[in-house]
Amino acid sequence: PKILMIQKKKKKIKQKDESPPLPSTRDVLEYLSMVAGTKRVGIYCKNKASEREGGDDSCGKKDPLGGVCFAKLEEYCRHLMDNHIDKKANGPQPSTNENAGNTDDETNVFQDTIGHYLYDVSLKKQLPILLDDFRLPRYIQKDFLQRTMRRHYFVESWPTLFVASPDTKSTLHIDQWHGSFWMVQVAGSKRWTMFHPDDYSNLDPIYHPDSINRAKKGNNSEKVKEEDGNGESEAQEPMRAAFRDLREMEKANVESDGKAHPRLSSARRVEVVLTPGDLLFVPGGTPHFVENLGVTVAYAGNFVDAGNYRKAVHCDLFHMAKRGGVYETTHRALSEVCFEDDEDENGTGEGVQNKKESSAADYTIDYFDDYSGLQGMMP
């Protein structure tokens with residue numbers, strides 16, 4: 001079902017059989033500017049000169065998404081409206097930005113860069129004011145990351161916000177420690193390409209030398225005590241892998257008649273296009289690649305529940321905890337608690353579909369009242 005995730009505050013729309021109309025992309029950008037526009041955020045971008053010359057990015061740290069530039073959220077939203085939404089609809093328009101004549105770095109950063117992408121920014125840590133208006137999918141209400149006794153780093157990591165300019169994309173990747181993933185599309189369209197977790201080796205992964213060395217030494221398997229009373233099990237340390245650009249691999253296969261990456265075509269894949277109001281679930285361990293087909297706004301999060309708990313905690317986090325820091329505290333917090341089923345049979349949305357009448361509220365929850373477990377955690 002289409003789900004309206006941003007609450008309408010101006011006036012309540014009463015419709016018996018239909019959901020309220022979804023806001024336009026411009027409406028969403030204006031909302032972000034009005035509510036959180038003064039907040040300064042990091043935006044991935046690419047230097048125009050470097051792109052023309054085929055060189056490295058120079059506007060920030062090296063990253064497949066580009067460098068990191070900083071600007072106020074309202075300046076970024078205004079740039080997207082002036083240069084992509086309005087220009088596409090009406091042709092080139094004179095700038096309405098009152099800072100257009102300013103020469104400070106935050107204003108000029110959009111003139112010298114392309115491929116802008118506000119990527120995976122924590123709402124709780126950086127834009128908490130937005131949490132009053134954003135609704136979350138009911139299906140993640142039993143997120144174990146929010147139900148530990150001890151506080152840990154990732155309790156405030158999600159949901160995160162994504163605001164992208166057209167023709168930007170993510171890398172082909174697998175989310176860390178088998179975290180399952182959800183995304184709500186608010187504005188614009190994203191194309192998602194996902195591969196079966198068992199077929200990741202067909203994607204020609206590039207393994208870090210340290211992962212290969214540990215595997216050769218035979219140190220990648222240890223006994224781990226299960227917390228659910230099932231005794232001990234083998235915990236296999238995952239070999240960390242990176243992936244090449246998916247579209248570049250496909251292009252190379254076309255030019256080489258499939259010889260460049262011969263196993264790519266045999267990897268099972270699913271492609272979907274998210275449009276406003278859509279909710280996507282991605283199982284833990286799934287390689288995925290995301291392309292923005294226009295100006296897009298979405299919010300999302302990783303979570304741990306019964307479906308990926310053992311792989312996340314007793315495999316990935318068990319070994320990552322050896323590094324100390326946030327992984328050690330998160331592993332300890334998750335592994336010391338015995339999670340039992342809640343009495344609320346509709347906690348994950350079960351039974352909602354059997355109701356004669358249902359609304360968006362039946363499929364969504366409030367961050368503070370129904371999801372966040374921060375207040376009940378020990379320091």
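## Salt bridges

The structure holds 14 salt bridges. The model is a predicted one, and the pairs described below are drawn from it.

One of these contacts joins the side chains of Glu156 and Arg151, at 3.2 Å from N to O. Glu156 counts as buried, with a relative accessibility of 16%, because the limit for a buried residue is under 20%. Its partner Arg151 is partly exposed, at 42% relative accessible area.

A salt bridge also forms between the side chains of Lys169 and Asp245, with an N to O distance of 2.9 Å. Lys169 belongs to the loop between β5 (160–164) and β6 (180–187), whereas Asp245 belongs to the loop between β11 (241–242) and α7 (246–255); the pair therefore ties together parts that are 76 residues apart in sequence. Lys169 is partly exposed, with a relative accessible area of 32%, and Asp245 likewise counts as partly exposed, at 24%.

## A linked network of charged residues

Arg191, Arg247, Glu250, Arg269, Glu271 and Glu291 are connected in a network of salt bridges. Within this group, the side chains of Arg269 and Glu271 meet at 2.9 Å, N to O. Arg269 is partly exposed, with a relative accessible area of 33%; Glu271 is partly exposed as well, at 41%.

## The three-stranded sheet

Strands β12, β7 and β14 form an open sheet of 3 strands in the order β12-β7-β14, with antiparallel pairing. β12 (269–274) and β14 (288–292) occupy the edges and have a single partner strand each, so one side of each is left without a neighbour in the sheet. Direction ignored, neighbouring strands of this sheet are turned by 15° against each other on average.

Strand β7 (residues 190–195) is joined to β14 by 5 bridges and to β12 by 6 bridges. Arg191, a member of the salt-bridge network, stands opposite Glu291 in β14 and opposite Val273 in β12. Thr193 stands opposite Phe289 in β14. β7 is mostly covered, with 5 of its 6 residues buried.

## Helix α8

Helix α8 spans residues 309–320, and 10 of its 12 residues are buried, so the helix is largely enclosed by the rest of the structure. The buried positions are Tyr309, Ala312, Val313, His314, Cys315, Asp316, Leu317, Phe318, His319 and Met320.

Notes. Residues are numbered from 1 along each chain as its sequence is written. This is a predicted model: local features need pLDDT of at least 70, side-chain atom pairs count only at pLDDT 80 or more; totals for chains, interfaces and linings use all residues. Side-chain values use heavy atoms; hydrogens and water are left out. Buried means under 20% relative accessible area, exposed over 50%, partly exposed in between (1.4 Å probe, protein chains only). Helices (H or I, at least four residues) and strands (E, at least two) are DSSP runs, numbered from the N terminus. Two strands pair if DSSP finds at least two bridges between them. Axes are lines fitted to C-alpha atoms, for helices over the stretch in contact, and angles run from 0 to 180 degrees between N-to-C directions. A salt bridge is a side-chain nitrogen of Lys or Arg within 4 Å of a carboxyl oxygen of Asp or Glu.
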